[in-house]
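Welcome, and please open your viewer. This tour goes stop by stop, telling you what to select and what you will find there.

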Amino acid sequence: MTILILNGPNLNRLGLRKPEVYGTTSMAQILLDIQQRWLDVHFVYKQSNHEGDLIDWIQEANSQSPALDGIVLNAGGYAHTSVALRDAVEESGLPVVEVHISDITKREPFRQTDLLWNVCAHAVVGQGTDGYRLAVEWLMDASGQ
């Protein structure tokens, strides 16, 4: 099984940016924990602050070798603003699990709009950085692994 973990803008600062909201765990530590938990799963990790990169990577997902079985997507602020990213997810043909570290339903009004929720197979919201693990677990369960 191969899973793409895709992070959007500002998530390169995870563990440093607003620790009271996003926690103190770095993405490197999250990835290490996930890789150690599922030794037989191949994880591909990508992060970009640029919307077009995220769209390109989602569009390329079906042609990757080895083939991808799913995507864990934390689109960051683009979840609230990007119709183009929404369209790419919808067209991907892959199960995409959206992750929001914070509970966006309890944040500022502009963060409560989520353009991705109804084109993703599942969403993990407000579970902190543990949301990445929960998203992978969902993909594993959905695939029968």
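The stops below take in a sheet, a helix, a pocket and a few single residues. Keep in mind as you go that this is a predicted model.

**Stop 1: the sheet**

Switch to a cartoon view and look for the strands. You should find an open sheet of 5 strands with parallel pairing, in the order S2-S1-S3-S4-S5. To see its edges, select residues 42–47 for strand S2 and 122–125 for strand S5; each of these pairs on one side only. On average, neighbouring strands in this sheet are turned by 15° against each other, direction ignored.

**Stop 2: strand S1**

Now select residues 2–7, which make up strand S1. Is this strand enclosed or open to the outside? Of its 6 residues, 6 are buried, so S1 is largely enclosed by the rest of the structure. In general, the side chains of a regular strand alternate between the two faces of the sheet. Show the side chains here and you can check each face in turn: Thr 2, Leu 4 and Leu 6 sit on one side, Ile 3, Ile 5 and Asn 7 on the other, and all of them are buried.

Next, look at the partners of S1. With S2 it pairs in the parallel sense over 6 bridges, and you can pick out Ile 5, whose bridge partner in S2 is Tyr 45. Towards S3, 5 bridges make the join, and the two strands run parallel. Select Leu 6 here, and you will find Leu 73 of S3 standing opposite.

**Stop 3: from S3 to S4**

Move on to residues 70–74 and 96–100. These are strands S3 and S4, a parallel pair held over 3 bridges. For a single example, click Ile 71 and then its bridge partner in S4, Val 96.

**Stop 4: the helix across the sheet**

Select residues 130–143 to bring up helix H5, which lies across S1, S2, S3, S4 and S5. Its direction is at about 155° to that of S3.

With H5 still showing, add Trp 38, found in the loop between helix H2 (27–37) and S2. Trp 38 counts as buried, at 11% relative accessibility. Leaving aside neighbours within four places in sequence, what does Trp 38 touch? Its contacts are Phe 43, Arg 133, Val 136, Glu 137 and Met 140. Try a distance between C-alpha atoms as well: Trp 38 and Val 136 are 98 residues apart along the chain, and the separation is 9.4 Å.

**Stop 5: the largest pocket**

Turn on a surface and select Arg 17, Tyr 22, Gly 76, Gly 77 and Arg 111. Among the 18 residues lining the largest pocket, these lie nearest its centre. The pocket's volume is about 250 Å³. Its lining divides into 6 nonpolar, 8 polar and 4 charged residues.

**Stop 6: two loop residues**

Select Ser 102, in the loop between S4 and S5. Ser 102 is buried, with a relative accessible area of 10%. Apart from neighbours within four places in sequence, Ser 102 is in contact with Val 21, Tyr 22, Arg 107, Val 125 and Gly 126.

Finish at Asn 10, in the loop between S1 and helix H1 (19–22). Asn 10 counts as partly exposed, at 38% relative accessibility. Check its backbone too: phi is positive, about 75°, although Asn 10 is not a glycine.

Notes:
Residues numbered from 1 in each chain as written. Predicted model: local features only at pLDDT ≥ 70, side-chain atom pairs only at ≥ 80, totals over all residues. Heavy atoms only, no water. Pairing = 2+ DSSP bridges. Helix = DSSP H or I, 4+ residues; strand = E, 2+ residues; numbered from the N terminus. Axes fitted to C-alpha atoms, helices over the stretch in contact; angles between N-to-C directions. Contact = heavy atoms within 4.5 Å. Buried < 20%, exposed > 50% of the residue type's maximum accessible area, 1.4 Å probe, protein only. 1 Å grid on protein atoms, 1.4 Å probe; cavity = no way out; pocket = protein on both sides within 12 Å on 5 of 7 lines; lining within 4 Å. Points joined across faces, edges and corners; volume = space filled by probe spheres on them. Nonpolar A, V, L, I, M, F, W, Y, C, P; charged D, E, K, R; others polar.
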